Each structure stands twice: as structure tokens, then as C-alpha cells.
Amino acid sequence: SAIFHDSLEGNVYVSHNEGKSWSQADGIPNGQASMVIEHPFNNRYAFVLTDGTEHFRTEDRGKTWRPFTVPAPPALVAKPLSFHASPGMDGYILYQGTSCDRRGWGAVCHDETYYTKSHFGDVPELLLSETSRCQFAHSSKTFKVDVPKELIFCVAFDTSTDTGSHSLSASRLFSSTDFFENDIKVEDLGIGKNAKGIIAFAIVSKYGMVAMRDLSPSNNGEMLLYVTLDGTTWAKAQFPHASSAQLRENAYTVVESTTYSLAVDV
């Protein structure tokens, strides 16, 4: 089957004959589809996200679509869903939404992450609030096999706010192996209390990567990159220009790499 999303119309079309003919997806209201996400590890599943709290999923390659509900509409991020790569656990999915509290004429908003264990066939539960990104450690098939299957990393703020804005120093990397019920760990990256100012987290092939801004008093706000192979031990990335005091790291881009190496544009 093939799925086509007309982003201008907000409609989804499905073809079951290699594109010879197309029909509008049955069961999805006209003009409601804002994003289509195919399951990267199970090609029977795809998800249609709307701008609201009711979304749609297919478990038979687009033949039928069923609604599911999440308490918050999807966050305005590139990848609001995070998938689990391990066999038998493809039903584990993280959903990043935005919750807003109306106050007078305005609203105070923050992102929060929900999880499902059955492709949204159950009622999604709250994972963590004040998040900016959550991801399964095993969101890549090549991540180290002896790392706990339930391990999740979240970039989140360690404080709540009445204004919806946070200082960068409140951004930390959290981890849990039980969906943040009892096991809640703040990753110190091997540098202790200075492991704050987290900008981004990603799993790339067999590597876990954290980009952060050095907020220590003696630094000028340079970016730092830390890498892990097992989710426990972190190493600071050392680039060739590090010996030059006139060059500063301001951003990182991970470019196409092999399975066993990382290529980073600094």
C-alpha cells in the first residue's frame, strides 16, 4: 500500500495497487490531517495526527482507520512521535503534546510526553511534563542490546513555571526504566552539577548524543557534545580545533554516517 498526504487539503489518500488508483482514507474527517507518520519498524501501522486531541491509526496498511485520543494536541516539533525498535515492542510509542492553561485573554503552555504500549490501542498515559524531547534508547536497531529495553531519555526542565518560559540552566537530561514512575535519574554526563543547559538529545545508530551549552562561570557559552554507547558512560567529543582558543563550537549537525561511526559537522 501507498499513502499520500495532501498537506494543503489536509486529507490522506491511499492506494492499494502501487499508485494506479487512489481513494481518500475512510474514517478520517475531511481536512483534518496535519501530519502522517509511518511506523519505521512495522509497516502495517501508520498514524495521522490532527491539530486537536483526536487522531487516527491504521493497523492494516491503510485499509481501515481508527480514532484514538491523547489529552493534549501534538507539539509543534518535527517528530512528535518516537518509536521503539526492538522486536515485539513496536507498540511502545512516545507522543509529545502541548498543554495550555487559559488565563484571561491568554494562555500558558508547556510540552508534555505521553506513552502507549499498544500502538495507541490503549489509553495513553502521561510520561513526563515540561519536556522538550523524549526518546527510547532502543529507537535504533543497532543500539547496544544489553541496555534495558524500557530505557527512556528525556530532555526536560527541572522546574515548573507560571509564564511558560524556562531558563536554559533548568534544562536537564533525565532517564528512566519504568516510565518515570519510581526510577527517575538526572544524567550528570560525568561532569556532575554542570550537566545542565541541555539543547538536544538523539539516538543515531548505536550512539546516544547530547548537545549542551556550557553554562559554567568560566566559559563563554560554547556548545559541548557528549556521546554514549551504553546509556550510562558518557564521553565528551573532542574535535581537532579544540586546541585553538579562537574557534568556538556553536552548533552540531549529524550528517550521513556509517553504522559504526559518526560524522558531525561543527
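The legends below describe close-up views of a predicted model.

**Figure 1. The largest cavity and its lining.** The structure holds one cavity of 30 Å³ or more. The volume of the largest cavity is about 40 Å³. Its lining is made up of Lys79, Pro80, Leu81, Ser82, Leu94, Tyr95, Gln96, Thr113, Arg133 and Cys134. By class, five of the lining residues are nonpolar, three are polar and two are charged. At least two residues of the lining come from each of strand S8 (81-83), strand S9 (93-103) and strand S12 (131-136). S9 has the largest share, with three residues.

**Figure 2. The largest pocket.** The largest pocket encloses about 480 Å³ of space. Strand S4 (35-38), S8, S12 and S16 are the elements that give two or more residues to its lining. S16 gives the most, with four residues. The lining of this pocket numbers 22 residues, and those nearest the pocket centre are Lys79, Leu81, Ser82, Arg133 and Gln135. Lys79, Leu81, Ser82 and Arg133 also appear in the lining of the largest cavity. The pocket lining consists of 13 nonpolar, seven polar and two charged residues.

**Figure 3. The largest nonpolar core.** This core has 17 residues, and the members that touch the most others are Phe153, Leu173, Leu189, Ile198, Phe201, Val210 and Trp234. Two or more core residues come from each of strand S13 (152-157), strand S16 (198-204), strand S17 (207-213) and strand S18 (223-228). With three residues, S16 gives the most to the core. S16 is also the element that gives the most residues to the lining of the largest pocket.

**Figure 4. Contacts of leucine 189, and a second core.** Leucine 189 is one of the core members that touch the most other members. Leaving out residues up to four places away in sequence, leucine 189 touches Leu173, Ala195, Ile198, Val210, Met212, Tyr226 and Trp234. A separate, second core has 14 residues, among them Met89, Phe136, Cys154 and Phe179.

**Figure 5. The disulfide between cysteine 100 and cysteine 109.** This is one of the two disulfides in the structure. The bond joins cysteine 100 to cysteine 109, with an S to S distance of 2.0 Å. The torsion about this S-S bond is about 105°, so the disulfide is right-handed. Cysteine 100 is partly exposed, at a relative accessible area of 35%. Cysteine 109 is likewise partly exposed, at 30% relative accessibility.

**Figure 6. The disulfide between cysteine 134 and cysteine 154.** The sulfur atoms of cysteine 134 and cysteine 154 lie 1.9 Å apart and form a disulfide. Cysteine 134 belongs to strand S12 and cysteine 154 to strand S13, so the bond ties together parts that are 20 residues apart in sequence. A torsion of about 115° about the S-S bond makes this disulfide right-handed. Cysteine 134 is buried, its relative accessible area being 5%. Cysteine 154 is also buried, with a value of 0%. Cysteine 134 is one of the residues that line the largest cavity, while Cys154 is included in the second core. Counting bonded cysteines along the chain, the disulfides follow the pattern 1-2, 3-4.

Conventions. Residues are numbered from 1 along each chain as its sequence is written. This is a predicted model: local features need pLDDT of at least 70, side-chain atom pairs count only at pLDDT 80 or more; totals for chains, interfaces and linings use all residues. Side-chain values use heavy atoms; hydrogens and water are left out. On a 1 Å grid over the protein atoms alone, a cavity is a set of points where a 1.4 Å probe fits but cannot get out, and a pocket is an open set with protein on both sides within 12 Å along at least five of seven lines; lining residues have an atom within 4 Å of a point. Grid points are joined across faces, edges and corners, and a volume is the space filled by probe spheres set on the points. Ala, Val, Leu, Ile, Met, Phe, Trp, Tyr, Cys and Pro count as nonpolar, Asp, Glu, Lys and Arg as charged, and the others, Gly among them, as polar. A nonpolar core is a set of buried Ala, Val, Leu, Ile, Met, Phe, Trp, Tyr and Cys residues joined through side-chain atoms within 4.5 Å. Buried means under 20% relative accessible area, exposed over 50%, partly exposed in between (1.4 Å probe, protein chains only). Contact means heavy atoms within 4.5 Å. A disulfide is a pair of cysteine sulfur atoms within 2.5 Å.
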